[in-house]
Amino acid sequence: MKQEHVDQIAAAVAAVRERKENGGIDNFYFVACGGSQASMMPIQYMFDREICIPSAIYNSNEFNYGTPKAFGERSVVVTISHSGTTPETVAAAQKATDAGAVSICLTNVEDSPLWQAAANPIHYDHGKDAEESDKSGTVLLKLAFSILAVVDEAAAERWEGAVAALDGIKDMKAAAVEAYRERVEAWATANKRAEVIYTMGSGVNYGEAYSLAICLFMEMQWINSSSIHSGEYFHGPFEITDFDVPFVMFMSCGATRFLDERALAFAQKFSDDVLVIDEADFDFCGADESVREYLAPEVLGAVVRTMVDKLAHDRGHDLGVRRYMWQMEY
C-alpha cells in the first residue's frame with residue numbers, strides 16, 4: 001500500500017483512538033449512496049458482530065434529513081464517494097464535522113468537496129493500473145480492521161493479523177477469478193438477453209448482492225433486478241421462483257451460511273438458471289480462519305466483476321453508458 005494511504009488511514013485511526021480515550025465513542029455511522037453505501041455494508045455487519053458499540057448504515061440523504069437522535073460528537077461517521085462530489089454525501093460529512101464527531105471519508109479524488117468536508121480524508125486509487133492494495137475495497141478494509149484493533153483491544157492481535165492478511169488480497173482475487181471464470185462467463189453469455197435477474201446473499205455478502213442488483217445490473221446494464229436477503233427469501237420473494245427465472249446466489253463462508261444453503265436448495269428445485277458463487281471455494285492464502293468471512297466479499301467482488309464484464313460485452317452495452325446519471329440535473 002502506498003505510504004500516503006497508510007499515513008491517511010493512520011491519522012483517521014488516531015482520531016478514533018483519541019475520541020475513545022477522551023469522551024468515548026457512542027456509535028459508528030456508515031453513510032453513503034449506491035455502490036459506495038453497499039461497499040460499507042460488510043463493514044457495518046462486521047462491527048455489529050465483533051464489538052458492543054452500536055453501528056448503523058445510512059443512505060446519505062436519510063442521514064441528513066432523518067438524522068438519528070444518537071448522533072453527536074461521540075459518533076464516528078465514515079463516508080464514501082468515488083468522485084468526492086456526491087452532494088448528499090458531502091453534506092453528511094460536513095454535518096459530522098460540524099457536530100464535532102470523528103468525520104472520516106474515502107474518495108478517489110483529493111481536494112474534492114468531500115475531501116474538504118471530512119476532517120480525516122483518505123484517498124484510494126482506481127483503474128486497471130491501480131494496485132489491489134491501493135484500491136477502495138482494500139483501503140476500506142484496512143481502515144476497518146485498524147479501527148477494530150483500537151476499540152476491541154482484547155482482540156487487537158486478531159485485527160492486526162487481518163491487516164497483514166490484506167497483503168495477499170491480490171492473490172486471493174486472482175485465484176478466485178481463475179477458478180470461476182469459465183462458469184461465470186458462460187452464465188453471462190447465456191443470460192445476455194435476460195429481462196430480469198435476481199441476486200441473493202446474506203450477512204457479510206448482502207452488500208454485494210445489493211450492489212450487483214442496483215448498480216451493475218440496473219444502473220450499468222439497464223436490467224431489471226432486485227436483491228433478496230437469503231433469510232427473507234421464504235417470506236415473500238420465493239413466490240417468483242420458476243424454471244426460467246435467473247438468480248445469482250452468494251454462499252457465505254461465515255456465520256450466515258445456513259441461510260444461503262436453505263435458500264439455494266429451494267431455488268435450485270424450481271429454477272434451472274441459478275449461478276452459485278461459493279466463498280468456501282476461495283483460497284484465502286493462509287489468512288486466519290476467524291477473519292476469512294470479512295475478507296470474502298472483497299474477493300467475491302472480483303468474481304462478480306468478471307461475470308459482469310462478460311455480460312456487458314455480450315450485450316454490447318458498455319458499463320459506462322447512462323441515460324440519466326450525469327446527463328441532466330436531478
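Here are three short exercises on the strands and helices of a predicted model.

**Exercise 1.** Find the order of the five strands in the open sheet, and name its edge strands.

*Solution.*
- Step 1. Recall the background: strands of a sheet pair through backbone hydrogen bonds, either parallel or antiparallel.
- Step 2. Read across the sheet. The order is S2-S1-S3-S4-S5, and the pairing is parallel.
- Step 3. Look for strands that pair on one side only. These are S2 (55-59) and S5 (120-123), the edge strands.
- Step 4. Check the twist. From one strand to the next it averages 20°.

**Exercise 2.** Examine the pairing of S4 with S5, then work out which strands helices H2 and H6 touch.

*Solution.*
- Step 1. Take S4 (residues 102-107). Four bridges join S4 to S5, and the two run parallel.
- Step 2. Pick out one facing pair. Thr-107 stands opposite His-123 in S5.
- Step 3. Turn to H2 (residues 34-50). This helix packs on the sheet and touches S1 (27-32), S2 and S3 (75-80). The direction of H2 makes about 165° with that of S2.
- Step 4. Move on to H6 (residues 136-151). Helix H6 also packs on the sheet, touching S1, S3, S4 and S5. Its direction makes about 155° with that of S4.

**Exercise 3.** How many bridges join S6 to S7, and which hand has the β-α-β unit made by S6, H9 and S7?

*Solution.*
- Step 1. Locate S6 at residues 196-201 and S7 at residues 224-229.
- Step 2. Count the bridges. There are six, and the strands run parallel.
- Step 3. Find a facing pair. Val-196 stands opposite Asn-224 in S7.
- Step 4. Add H9 (residues 206-221). With S6 and S7 this helix makes a right-handed β-α-β unit.

Technical notes
Residues numbered from 1 in each chain as written. Predicted model: local features only at pLDDT ≥ 70, side-chain atom pairs only at ≥ 80, totals over all residues. Heavy atoms only, no water. Pairing = 2+ DSSP bridges. Right-handed = clockwise from strand over helix to strand, strands pointing away. Axes fitted to C-alpha atoms, helices over the stretch in contact; angles between N-to-C directions. Contact = heavy atoms within 4.5 Å.
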